[in-house]
Amino acid sequence: MAEGPIDMIRLEGEGNSLILRITGKARLEGPATTDVLAGEILVDTPFVRGSITTSVFPEELRQWQQALDALDAGQDIAWSEGTRGPEIFIERDLGEERAADRNRSS
């Protein structure tokens, strides 16, 4: 893995930002030990600022790539929807050529 954190997406504009950042590797212990990417979702607006930790499993990287391809094609996206962790929803506002995020935790 590269040195330092890696931003998987960074949306900024008009004093608002949403970042999905990978911060390193982690190992989840349990019935089956699993290697994952450790990360965080950071939100910064004039009204709220915060972050939540998250783990990205290897199979979720393919889903993330598909979501980014759909966003690039002008579609709204949902990533990690229906999972136990944080979800990211991005809606395109084509009239103003921008994206709006709806981040929520389950």
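# A tour starting from helix H1

Select helix H1 and then show its surroundings: the cover over the buried residues of H1 includes strands E1, E2, E4 (49-56), E5 and E6. Keep in mind throughout that this is a predicted model.

**The helix**

With H1 still selected, follow its 15 residues from end to end, where the distance from the first C-alpha to the last is 22 Å, close to the 21 Å expected at 1.5 Å a residue. Which residues of H1 are buried? Colour Glu60, Trp64, Ala67, Ala70 and Leu71, since these are the buried ones in H1. Now turn the view to look down the axis of H1, where the buried residues fall within an arc of 120 degrees, so they line one face of the helix. Then select Glu59, Arg62 and Asp72, which are exposed on the other side of H1. Just beyond the helix, pick Gly74, which follows H1 and has a positive phi, near 95 degrees.

**The whole chain**

Zoom out to the full chain, which holds 1 helix and 7 strands, and trace it from the N terminus, reading the elements in the order β-β-β-β-α-β-β-β. The chain has 106 residues, and 28% of them count as buried. If you display the surface, about 7000 Å² is exposed, with carbon and sulfur atoms supplying 47% of that area. Among the contacts in the chain with a separation of 6 or more, 24% are between residues 24 or more positions apart.

**The first three strands**

Select strands E1 (6-13) and E2 (16-28) together, and you will have an antiparallel pair joined over 7 bridges. Within this pair, show Ile9 and Leu20, because the bridge partner of Ile9 in E2 is Leu20. The two strands form a hairpin with 2 residues between them, and Glu14 is placed in the loop that links E1 and E2. Is Glu14 buried or exposed? Glu14 is exposed, having a relative accessible area of 68%, and its phi is positive, near 50 degrees, in a residue other than glycine.

Add strand E3 (34-44) to the selection, and look at how E2 and E3 pair in the antiparallel sense over 11 bridges. Here the hairpin has 5 residues between its strands. Return to Leu20, whose bridge partner in E3 is Ile41, and keep both residues on display for the stop at strand E4.

**Thr54 in strand E4**

Select Thr54, which is found in strand E4 and counts as buried, at 12% relative accessibility. Which residues is Thr54 in contact with, leaving aside its neighbours within four places in sequence? Show Leu20, Leu37, Ala38, Gly39, Glu40, Ile41 and Pro86, since each of them is in contact with Thr54 once those neighbours are set aside.

**The hairpin of E5 and E6**

Move on to strands E5 (77-79) and E6 (86-93), which run antiparallel and are joined by 3 bridges. Select Ile77 and look across to E6, where Ile90 stands opposite. This hairpin has 6 residues between its strands, and one residue to pick out in the loop between E5 and E6 is Ser80. Ser80 is not a glycine, yet its phi is positive, about 70 degrees. Is Ser80 buried or exposed? With a relative accessibility of 11%, Ser80 counts as buried.

**The nonpolar core**

For the last stop, hide the surface and show side chains inside the chain. In soluble globular proteins, nonpolar side chains tend to be buried together. Which residues touch the most other members of the largest nonpolar core? Select Leu20 and Ile88, which hold that place among the 17 residues of this core. Strands E1, E2, E3, E5 and E6, together with helix H1 (58-72), each supply at least two residues of the core. The tour closes at the helix where it began, as H1 gives the most to this core, with 4 residues.

Technical notes: Residues are numbered from 1 along each chain as its sequence is written. This is a predicted model: local features need pLDDT of at least 70, side-chain atom pairs count only at pLDDT 80 or more; totals for chains, interfaces and linings use all residues. Side-chain values use heavy atoms; hydrogens and water are left out. A nonpolar core is a set of buried Ala, Val, Leu, Ile, Met, Phe, Trp, Tyr and Cys residues joined through side-chain atoms within 4.5 Å. Buried means under 20% relative accessible area, exposed over 50%, partly exposed in between (1.4 Å probe, protein chains only). Two strands pair if DSSP finds at least two bridges between them. The expected span of a helix is 1.5 Å times one less than its number of residues. The arc is that of the directions from the helix axis to the C-beta atoms. Contact means heavy atoms within 4.5 Å. Accessible areas come from the Shrake-Rupley method with a 1.4 Å probe; for residues, only the protein chains shown count as cover.
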